[in-house]
Amino acid sequence: MAEPTDDTLLSLEHDHAELHRSVVELGSLARALRAGQGSVDDARAQLIDLVAVLSEDLFGHFSREEEVLFPYVQAAVPELSGEVQALVTGHDAVCGALARLARLAQSDAVASQISLVCAAADRVAEGYTAHARDERALLSSLATRLTPAQRAELTERARGL
């Protein structure tokens, strides 16, 4: 994931590109499993690896938002508190779906639970896609609402996370 550098809003937007690639890969893997393409054992290994990477990247991204961005937005632009709370709820939904997928992927019974694995992968992808759309709208709004000084202050607060 992108480290906050000269603008936290831009680095959070950049995170979306990386996360999107992983979510697309997850969708492709789920489609292949559904279609019975390739070895289930190979797909399971790929799934375990992908879920680990996606979990680390998503949790880091969500952490930066919940520890820095969201509190700052609620203080600086309180009229956006509803949007912030909806994004927190979205984080919880995506993390829950990802945890379920991780548990299923670790199971020795993946071959007999392909429909459950694919449904969990779909929930991750759908949840992330909806969340990313809403988050981009918030970031776009903030880009026009925050002054350059506020953006610099936000970036300074994000350093080290």
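**Figure 1. Arg-34 in helix H1 of the predicted model.** Arg-34 is a partly exposed residue, because its relative accessibility of 46% falls between the limits of 20% for buried and 50% for exposed. The residue belongs to helix H1, and the model in which it is viewed is a predicted one. When residues up to four places away in sequence are not counted, Arg-34 touches Ile-114, Cys-118, Ala-119 and Asp-122. For one of these partners, Ala-119, the C-alpha atom lies 10.0 Å from that of Arg-34, although 85 residues separate the two in sequence.

**Figure 2. Ala-30, a buried residue of helix H1.** Ala-30 is also placed in helix H1. Its relative accessible area is 4%, which is under the 20% limit, and Ala-30 therefore counts as buried. Apart from neighbours within four places in sequence, the contacts of Ala-30 are Cys-118 and Ala-121. Cys-118 is also listed among the residues that Arg-34 touches. A separation of 30 Å is found between the C-alpha atoms of Ala-30 and Gln-85, two residues that stand 55 residues apart along the chain.

**Figure 3. Helix H3 and its buried residues.** Helix H3 comprises 26 residues, from 81 to 106. At 1.5 Å a residue, H3 should span 38 Å, and the 37 Å between its end C-alpha atoms agrees with this expectation. Buried positions of H3 include Val-84, Leu-87, Val-88, Gly-90 and His-91. Further along the helix, Val-94, Ala-97, Leu-98, Leu-101, Leu-104 and Ala-105 are buried as well. The cover over these buried residues includes helix H1 (8-35), helix H2 (40-76) and helix H4 (114-145).

**Figure 4. The buried and exposed sides of helix H5.** Helix H5 runs from residue 148 to residue 158, and its buried residues are Arg-151, Leu-154, Thr-155 and Ala-158. These residues lie on the same side of H5, because they cover an arc of only 100° around the axis. Ala-149 and Glu-156, on the other side of H5, are exposed. Helices H1, H2 and H4 are included in what covers the buried residues of H5.

**Figure 5. Arg-151 and its surroundings.** Arg-151 is part of helix H5. With a relative accessibility of 17%, Arg-151 is under the 20% limit and so counts as buried. Its contacts, leaving aside neighbours within four places in sequence, are Asp-7, Leu-9, Leu-10, Ala-143 and Leu-146.

**Figure 6. The protein chain as the setting of the close-up views.** The protein chain contains five helices and zero strands, and its pattern along the sequence reads α-α-α-α-α. Its C-alpha trace spans about 55 × 25 × 20 Å along the principal axes. Of the 161 residues in the chain, 42% are buried. Among contacts with a separation of 6 or more, 77% come from residues 24 or more positions apart. The chain exposes about 8,100 Å², of which carbon and sulfur atoms supply 53%. It carries 14 positive and 25 negative charges, and the mean positions of these two sets are 4 Å apart.

Methods. Residues are numbered from 1 along each chain as its sequence is written. This is a predicted model: local features need pLDDT of at least 70, side-chain atom pairs count only at pLDDT 80 or more; totals for chains, interfaces and linings use all residues. Side-chain values use heavy atoms; hydrogens and water are left out. Helices (H or I, at least four residues) and strands (E, at least two) are DSSP runs, numbered from the N terminus. The expected span of a helix is 1.5 Å times one less than its number of residues. Buried means under 20% relative accessible area, exposed over 50%, partly exposed in between (1.4 Å probe, protein chains only). Contact means heavy atoms within 4.5 Å. The arc is that of the directions from the helix axis to the C-beta atoms. Accessible areas come from the Shrake-Rupley method with a 1.4 Å probe; for residues, only the protein chains shown count as cover. Lys and Arg count as positive and Asp and Glu as negative; His and the chain ends are not counted. The place of a charge is taken as NZ of Lys, CZ of Arg, CG of Asp or CD of Glu.
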